[in-house]
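Biologist: Could you take me through one part of this model up close? I'd like to hear about the packing inside, and then whatever else helps me place it.

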Amino acid sequence: MGVLRMGYVHARVTDLAEARDHYANTLGLYPVLEESNRLFFKGWDEWDHHSLVLEEGGVGAIKFGFKVWDPADIDLYEKRAQAFGVEVHRMTKGENPEVSDGIRITLPTEHVIELYHSMTAVGLEVGTHNPDAFPRHLVGIGAPMLDHALIVGDDVENTERFFKEVLDFYATERAVASLDEDAGLIATWLSSGNKVHDVAILKGPNGKLHHFAFQMRDWSDILHSADILTMDDVPIDIGPTRHGITRGETIYFFDPSGNRNETFAGGYTAYRDRPTMVWTADQLAKGIFYHARELKDSFTSVFT
Ligand code: FE2
């Protein structure tokens, strides 16, 4: 069955108290565990123990967790990753609180990903027996779940190839310099199931984070996000608007440390046999911001 989803983002923040306020009170995530320098959160529609880990000391991403269906997938992906030629190490149960054993891989872009097969199940906030549509007392944006991340690195081609050949992802959309066969790859959007993307990769300096995103239900939730961000005086980068790429509805904003967040809704249902959408550099502004059709400097230059 392979990779189910991106199960967690482990990010750095400069100040844990400020970060707690942002992620708990503005985004509305539930704090589930606190250690001396780390905070763990989950969304209301997530059943596993956590989907976001914040660690004090800097900015950017420490690692990304991908949950696989079966423990045997770990062995398969370990062999494939070794054959591909990336650095792979075993990790033990409990190295990450409430997370199973698995493997830790360094991508060609220098990002670290972890594959694991289970995490302590906490349950949905609405339960599983005759559940209501949403919890009555959501806080702030009330983000239901983690959705995807956009990572930045130099070798987009080989990192895309890694996700495809080792982890069985497929590209839903790609951005290329031109339609010439040898034109460089600017970015790629990769899915492991039916989501329009689980991870995307943008060409740029290695090991950087562009943003991580939470999945909302619809466009009205994106507008609601914008309203809450204004109430909480959170700096908004872009939106609310629509992407041409993925067709998703979006708003981008910054956490108190300067890491970019997104709330994202919509997009189309992706299938493995769906043709890959291709965007050329001359139309990329429309692809990224479908209405404005122009890029904003901060969006293409601010990474953490
Ligand atoms: Fe995104």
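**Packing around Leu-115**

Modeller: Let's start at Leu-115: setting aside neighbours within four places in sequence, this residue is in contact with Phe-66, Val-68, Ile-74, Tyr-77, Met-91, Asp-101, Gly-102, Ile-103, Ile-105 and Leu-167. Keep in mind that this is a predicted model. Leu-115 belongs to the largest nonpolar core, a set of 59 residues, and ranks among those with the most contacts inside it, along with Phe-64, Phe-66, Phe-162, Phe-163, Leu-167 and Phe-212. Strand S1 (residues 3-13) gives this core its largest share, five residues. Apart from that core lies another one, of 16 residues, including Leu-150, Leu-202, Ile-238 and Phe-299. As a rule, nonpolar side chains in soluble globular proteins tend to be buried together.

Now for the metal. The iron ion is held by His-148 (NE2), His-211 (NE2) and Glu-262 (OE), at 2.0 to 2.1 Å, and along the sequence these donors follow the spacing H-x62-H-x50-E. His-211 sits in strand S13 (residues 208-215) and Glu-262 in strand S16 (residues 260-266), so this pair, 51 residues apart, links distant parts of the chain. His-211 is buried, at 3% relative accessible area, and Glu-262 is buried too, at 0%.

Stepping back, the chain has six helices and 17 strands. Its radius of gyration is 18 Å, close to the 19 Å from the globule rule for 304 residues, so the chain is as compact as a globular protein of that length. Buried residues make up 52% of those 304.

How values were computed:
Residues numbered from 1 in each chain as written. Predicted model: local features only at pLDDT ≥ 70, side-chain atom pairs only at ≥ 80, totals over all residues. Heavy atoms only, no water. Donors = N, O, S within 2.8 Å, 3.2 Å for Na, K, Ca; no water. Helix = DSSP H or I, 4+ residues; strand = E, 2+ residues; numbered from the N terminus. Buried < 20%, exposed > 50% of the residue type's maximum accessible area, 1.4 Å probe, protein only. Core = buried A, V, L, I, M, F, W, Y, C linked by side-chain atoms within 4.5 Å. Contact = heavy atoms within 4.5 Å. Rg over C-alpha atoms; globule rule 2.2 N^0.38 Å.
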